[in-house]
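Got a protein model open and not sure where to start? Let's read one together, feature by feature.

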Amino acid sequence: MAACGRRNRPKLFFFLFGATLLGYLIFFRHNSGDVSGTKRREAPGEEEEEGGEVENEKLKKPVYEKPPLDLNALGEMGRAVKLNLNGEEKRKEEESLKKNQINIYVSDRVSLHRRLPERWNPLCRELKYDYRSLPTTSVVIAFYNEAWSTLLRTVHSVLETSPDILLNEVVLVDDYSDRAHLKEPLERYLAGLKKVRLVRATKREGLVRARLLGASITTGDVLTFLDCHCECHEGWLEPLLQRIKEEPSAVVCPVIDVIEWNTFQYLGNSGEPQIGGFDWRLVFTWHPIPEYEQKRRRSPTDVIRSPTMAGGLFAVRKDYFHYLGTYDTGMEVWGGENLEFSFRIWQCGGSLEIHPCSHVGHVFPKKAPYSRSKALANSVRAAEVWMDELKDLFYHRNPHARLEVAALVCDSVVKRRSSLNTDQVALISLRGDSLVNLWHSKPNAPKPPKKQCLT
Ligand SMILES: [Mn+2]
């Protein structure tokens, strides 16, 4: 037994040694395999995130980069321009002001590529976008006899702040201008720019029809309308497109910052913007954000619902714009179309919103540079089509408007209103309640009638 035991001892030793070694190897390999496996799973994730950041920076790249910053340049970073002018220069400045109601003498001396100060809520900088999944857009800018520098600063500003991947094109619509600089010189200049197209109306069409002419040749998913004397703040476009991606029936406006007509100072501010309302003469008015709307929002970077829009700066899905019936093409020149379109949006089931992270500067002229004698007739159209019994309030506050009714060719509007097919009507949910809540933001404001919007 002993001998046998003694004889078997080395075998047992090797067996135990072998088993231990095998066990150790299996254990080690298993664990190390697990460790490396974990590493493999984590590493690409980290790389993806880092790669994603780098990739995002690349995707964010605008169509054109701004030239290097020259802090000594006039108006740079949105600073006010103050010039010491001699008699002759002063005369030229006054002439430019008289002609354009904007100090073009100053505008001509400010870079077409100037940078603006940061005027958004700092939280807006934290928002991240999946650039590849955002809808694309075409920016439509209608103009009539606009000065060279304000028009081209608008164009360059769009090209230098809009990510290349999101911007299909900028469409400029010349609404039958007669100033020489807007003829061949403009064509020659634009020929040197990527993604800019120019169409010309063959007669004076007014803002609404000029915009529709521009929209008709666009290729983007979203139409973004801008005025022809604007400057876009960094990151203005992404929030508009992100919101429309989330909610295709949202019509989204940027916050409109003021560019002072005399000094070109950029007067944007990062505080809460105001929303649009109107009075019963159908004049657009500004209001602070009502409490119920503040409560509804979960973050200062959330959109703010607004009963009306101030003017012509907004983004809308192209197919949704057509679903709404676009603008009322019977509207002449400008004035009133902003309220008509606002009423249309709310009453046809969409929502009109202001995105606090999208800022665009607009030069508000000293006074309207050209006649808006058609504005009253336009308001009558808006009242007749969308206000039902409430139109009496409008006529009561605006007795002259009654005289316009006779001249109003409302038939076409009414026909168009009922031309949306029955499927569409079924889809349209009456948002009268939202309109009531937002209406003038006064609790005792008369309520619009509860009635199917398209009948
Ligand atoms: Mn304007």
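What follows is a chat between a learner and a teacher about this predicted model.

Q: How many helices and strands does the protein chain have?

A: Start with a head count. The protein chain has 16 helices and eleven strands. Buried residues make up 38% of its 455 residues.

Q: What share of the contacts join residues at least 24 apart?

A: Here we look at who touches whom along the chain. Take the contacts between residues at least 6 apart in sequence: 84% of them join residues at least 24 apart.

Q: Which residues have the most contacts inside the largest nonpolar core?

A: To read a core, look for the buried nonpolar residues and then ask where they come from. The largest nonpolar core here has 88 residues, and V140, I141, V170, V252 and F314 have the most contacts inside it. Strand β6, residues 250-259, gives the largest share, seven residues. Domain 1 (69-363) and domain 2 (375-441) both contribute residues, so the core lies between them.

Q: Which residues is V252 in contact with, leaving aside its neighbours within four places in sequence?

A: Zooming in on one residue is a good way to see a core. With those sequence neighbours set aside, V252 is in contact with L240, R243, I244, V303, F314, A315, E353 and H355.

Q: Is strand β11 largely enclosed or open, and why?

A: Count its buried residues. In β11 (residues 351-363), twelve of the 13 residues are buried, so the rest of the structure largely encloses this strand.

Q: In which sense does β6 pair with β11?

A: For any strand pair, check the direction and then the bridges. β6 and β11 pair in the parallel sense, over ten bridges, and D257 stands opposite G361 in β11. Strand β5 (residues 230-232) pairs with β11 in the antiparallel sense over three bridges, with V360 in β11 as the bridge partner of C232. Strand β9 (residues 304-305) also runs antiparallel to β11, joined to it by two bridges. There, R305 stands opposite E353 in β11.

Q: Which residues of β7 are buried on each side?

A: A strand has two faces, and you can check them one at a time. In β7 (residues 275-278), I275 and G277 are buried on one side, and G276 and F278 are buried on the other, which leaves both faces covered.

Q: How many residues lie between the strands in the hairpin of β7 and β8?

A: The hairpin has five residues between its strands, and L282 in it takes a positive phi near 65°. The strands themselves, β7 and β8 (residues 284-287), pair in the antiparallel sense over four bridges. W286 in β8 is the bridge partner of G276.

Q: Where else is there a positive phi in a residue other than glycine?

A: Here's the general idea: most residues other than glycine have a negative phi. M77 has a positive phi, near 60°, and is found in the loop between α1 and α2. With 13 C-beta neighbours inside 10 Å, M77 counts as partly exposed. Y176 also has a positive phi, near 65°, and belongs to the loop between β2 (167-174) and α5 (184-191). Y176 has 15 C-beta neighbours inside 10 Å and counts as partly exposed.

Q: What should helix α2 span at 1.5 Å a residue?

A: You can test a helix by comparing its expected span with the distance between its ends. The 14 residues of α2 (residues 87-100) should span 20 Å, and the end C-alpha atoms are 20 Å apart, which agrees. Just after α2, Q101 takes a positive phi of about 60°.

Q: How many residues of helix α11 are buried?

A: Nine of its twelve residues are buried, so to speak of α11 as mostly covered is fair. Among the buried ones are A377, V380 and W386. α11 (residues 375-386) reaches 16 Å from its first C-alpha to its last, close to the 16 Å expected. D388 follows the helix with a positive phi, near 45°.

Q: Is E384 in α11 buried or partly exposed?

A: Count neighbours again: E384 has 18 other C-beta atoms within 10 Å and is partly exposed. Its C-alpha is separated by 9.9 Å from that of F394, ten residues apart along the chain.

Q: Does K58 count as buried or exposed?

A: K58, found in helix α1 (residues 2-59), counts as exposed, with 12 C-beta neighbours inside 10 Å. K58 and I165 are 107 residues apart in sequence, and their C-alpha atoms are 9.7 Å apart in space.

Methods:
Residues numbered from 1 in each chain as written. Predicted model: local features only at pLDDT ≥ 70, side-chain atom pairs only at ≥ 80, totals over all residues. Core = buried A, V, L, I, M, F, W, Y, C linked by C-beta atoms within 7 Å. Buried ≥ 20, exposed ≤ 12 C-beta atoms within 10 Å, placed from the backbone. Domains from an automatic or database assignment. Contact = placed C-beta atoms within 7 Å. Expected span 1.5 Å × (residues − 1). Pairing = 2+ DSSP bridges.
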